[in-house]
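User: Please take a close look at a single part of this model and then follow its connections into the rest of the chain. A connected account would be preferred to a list.

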Amino acid sequence: MAGCLDHIKVLDLSRVFAGPWAAQMLADFGADVIKVEHVKGGDDVRRMGVSHLNADGEPTGETSSFLAMNRGKRSVALDLKSSEGRQIARKLIENADVLIENFKTGTLARMGLDYEAVATLNPRLVYCSITGFGQTGPMAHLPGYDPIFQAMSGLLSVTGSSEDEPALVGYSISDITAGQYAVAAILAALNHRDAVSGQGQFIDIALLDTQIHAASHMAMNYLSSGKLPRRNGTASQITCPWQAFDCADRPIMIAIGNDPQFRRFADYLGLAGVADDERYATNLARVQNADTLIPLIAEKLATRDADTAYAELETIGIPAGPLNSFEDTLQMPQVKARGLVQQLDHPRAGRISYIANPVRFSGSQGDAARHPPLLAEHTDEVLLEIGLTGERIAELRDMGAIA
């Protein structure tokens with residue numbers, strides 16, 4: 001079965017997380033993604049994460065982070081500081097539909113590979129730049145990593161409990177969020193090119209912007225009321241009860257989404273009359289009076305074991321769930337039924353498991369089968385496709401322009 005983007009060629013000049021994540025999503029949807037890496041060491045993410053172990057528990061030389069971000073791509077190693085490397089890059093750009101890069105603002109302009117320079121080579125190119133602060137503004141020149149944007153966006157002002165320091169979100173949320181926005185923007189620009197203008201365009205994605213926008217429903221609390229959201233642990237600040245509670249053996253997450261659910265929940269707990277009490281009858285009232293309501297609920301749940309409570313709540317239509325580890329999560333029958341863990345063969349790491357793309361298409365393939373590439377694994381293959389001879393490829397490799 002063909003992928004939705006089988007007709008699209010993507011040049012991935014990005015490194016680390018946000019850009020590679022976006023490019024991998026496009027590869028999962030069928031695009032031919034060529035990952036351009038530095039001749040010396042390749043993408044920095046090849047040295048981030050934990051070492052991937054083979055079936056015998058031995059390190060394979062691959063890292064978890066690279067494997068997670070680069071499935072479905074072909075790797076070409078170029079020295080973009082050399083004129084020969086830049087010439088090859090321009091040749092690749094001529095044949096691309098999409099270019100993704102996350103160099104610091106101005107870096108590619110100095111190489112003659114910025115949008116203004118390459119749009120003359122390929123007017124249909126959709127050029128997506130992902131940076132920390134975007135192409136404009138007083139901070140545009142600054143680099144940055146995920147925790148910086150978690151902090152600056154206001155996200156850390158609402159993580160952790162009120163008694164503790166802010167808690168960093170446990171994955172690179174700013175990078176992944178920016179990558180998701182980039183995918184949406186790229187697909188929109190491709191549609192505009194093909195259905196409206198016939199021309200590509202430049203896309204400016206900033207991690208700070210996208211993280212602020214992703215949390216806009218929390219920022220809206222402030223814009224609406226003038227009151228700042230607070231750190232609230234696992235509890236929601238707009239819905240109640242909506243948090244983790246300690247059962248006799250381990251915690252359980254409860255999420256009551258409307259007033260009829262709360263009535264059934266109160267009946268289940270044996271809290272007679274609580275759903276009719278004006279302090280708790282509506283969600284807004286429950287949020288305002290959470291300080292007296294939550295202890296009543298906690299006392300009742302503390303005597304029950306989590307699995308029993310979860311099963312009983314399921315039968316009466318109350319959203320609840322265990323606080324899983326990743327080991328727990330990947331063993332869930334639901335996760336297995338959805339096929340979220342898949343396997344593929346890797347030339348160095350052997351048979352590897354990975355988290356599959358979650359999007360399900362009815363009429364096209366939704367996940368790439370190509371393994372995350374070895375550094376420069378496809379250099380010769382790709383350069384032959386754009387017309388270089390084997391002799392010229394050997395010359396370029398001898399001079400260090402390619403690897």
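The part I have in mind is L296: in which helix does L296 lie, and which residues does L296 touch? Please also explain how that helix packs against helix 10, and describe the other regions that help to place this residue.

Analyst: L296 belongs to helix 12 of what is a predicted model. Its relative accessible area is 31%. Because buried means under 20% and exposed means over 50%, L296 is classed as partly exposed. Leaving aside residues up to four places away in sequence, L296 touches L271 and Y280.

The packing of the helix comes next. Helix 12 spans residues 290-301 and packs with helix 10, residues 259-269. Their axes are 10 Å apart and meet at an angle of about 50°. Angles under 35 degrees count as roughly parallel and those from 65 to 115 as roughly perpendicular, and helix 10 and helix 12 are therefore oblique to each other. The crossing of helix 10 past helix 12 is left-handed. Helix 10 contributes F262, F265 and L269 to the contact, while helix 12 contributes L293, I297, K300 and L301. Sorted by class, this contact has six nonpolar residues, one charged residue and no polar residue. A general point helps in reading such a list: an α-helix has 3.6 residues a turn, so residues three or four places apart point the same way.

A second helix pair provides a contrasting case. Helix 7 (residues 173-197) and helix 8 (residues 207-214) pack at an angle of about 90°, with 9 Å between their axes. That angle lies in the range of 65 to 115 degrees, so helix 7 and helix 8 are roughly perpendicular to each other. On the side of helix 7 the contact involves I173, S174, D175, T177, A178 and Y181, and on the side of helix 8 it involves L207, T210, Q211, H213 and A214. The residues of this contact comprise five nonpolar, five polar and one charged. Within helix 8, L207, L208, T210 and Q211 are buried. Besides helix 7, the buried residues of helix 8 pack against helix 1 (18-28), strand 7 (126-131), helix 6 (146-152) and strand 8 (202-206).

How far is L296 from L388 in sequence and in space? The two residues are separated by 92 positions in sequence, and their C-alpha atoms are 74 Å apart. L388 is in turn one of the residues touched by I88, together with L78, L383, I386, L396 and I402, again not counting residues up to four places away in sequence.

I88 leads to the largest nonpolar core, which has 30 residues. Within this core, I88 is one of the five residues that touch the most other members, the others being L11, L78, L92 and L113. Two or more residues each come from strand 2 (32-38), strand 5 (73-78), helix 3 (83-94), helix 5 (115-118), helix 16 (379-385) and helix 17 (390-398). Helix 3 gives the largest share, four residues. Another core, of 29 residues, lies apart from this one, and its members include A18, V33, I130 and L190.

Strand 5 also holds A77. With a relative accessible area of 0%, A77 is buried. Its C-alpha atom is separated by 6.3 Å from that of T379, although the two residues are 302 apart along the chain. Residues up to four places away in sequence being excluded, A77 touches E37, H38, V39, L375, A376, T379, A401, I402 and A403.

A376, one of these neighbours of A77, has a backbone feature of its own. Its phi is near 65°, a positive value in a residue other than glycine. A376 is placed in the loop between strand 13 (350-355) and helix 16, and its relative accessible area of 18% makes it buried. V16 likewise has a positive phi, near 65°, without being glycine. V16 occupies the loop between strand 1 (9-12) and helix 1 and counts as buried at 17% relative accessibility.

One further backbone feature deserves mention. The peptide bond joining C240 and P241 is cis, with omega at about -5°. P241 is in the loop that runs between helix 9 (216-225) and strand 9 (242-246).

To return to the residue in question, L296 is partly exposed in helix 12, and its C-alpha atom is 74 Å from that of L388.

Note on methods: Residues are numbered from 1 along each chain as its sequence is written. This is a predicted model: local features need pLDDT of at least 70, side-chain atom pairs count only at pLDDT 80 or more; totals for chains, interfaces and linings use all residues. Side-chain values use heavy atoms; hydrogens and water are left out. Axes are lines fitted to C-alpha atoms, for helices over the stretch in contact, and angles run from 0 to 180 degrees between N-to-C directions. Angles under 35 degrees count as roughly parallel, over 145 as roughly antiparallel, 65 to 115 as roughly perpendicular and the rest as oblique. A crossing is left-handed if the near helix is turned anticlockwise from the far one by less than a right angle, and right-handed if clockwise. Contact means heavy atoms within 4.5 Å. Ala, Val, Leu, Ile, Met, Phe, Trp, Tyr, Cys and Pro count as nonpolar, Asp, Glu, Lys and Arg as charged, and the others, Gly among them, as polar. A nonpolar core is a set of buried Ala, Val, Leu, Ile, Met, Phe, Trp, Tyr and Cys residues joined through side-chain atoms within 4.5 Å. Buried means under 20% relative accessible area, exposed over 50%, partly exposed in between (1.4 Å probe, protein chains only).
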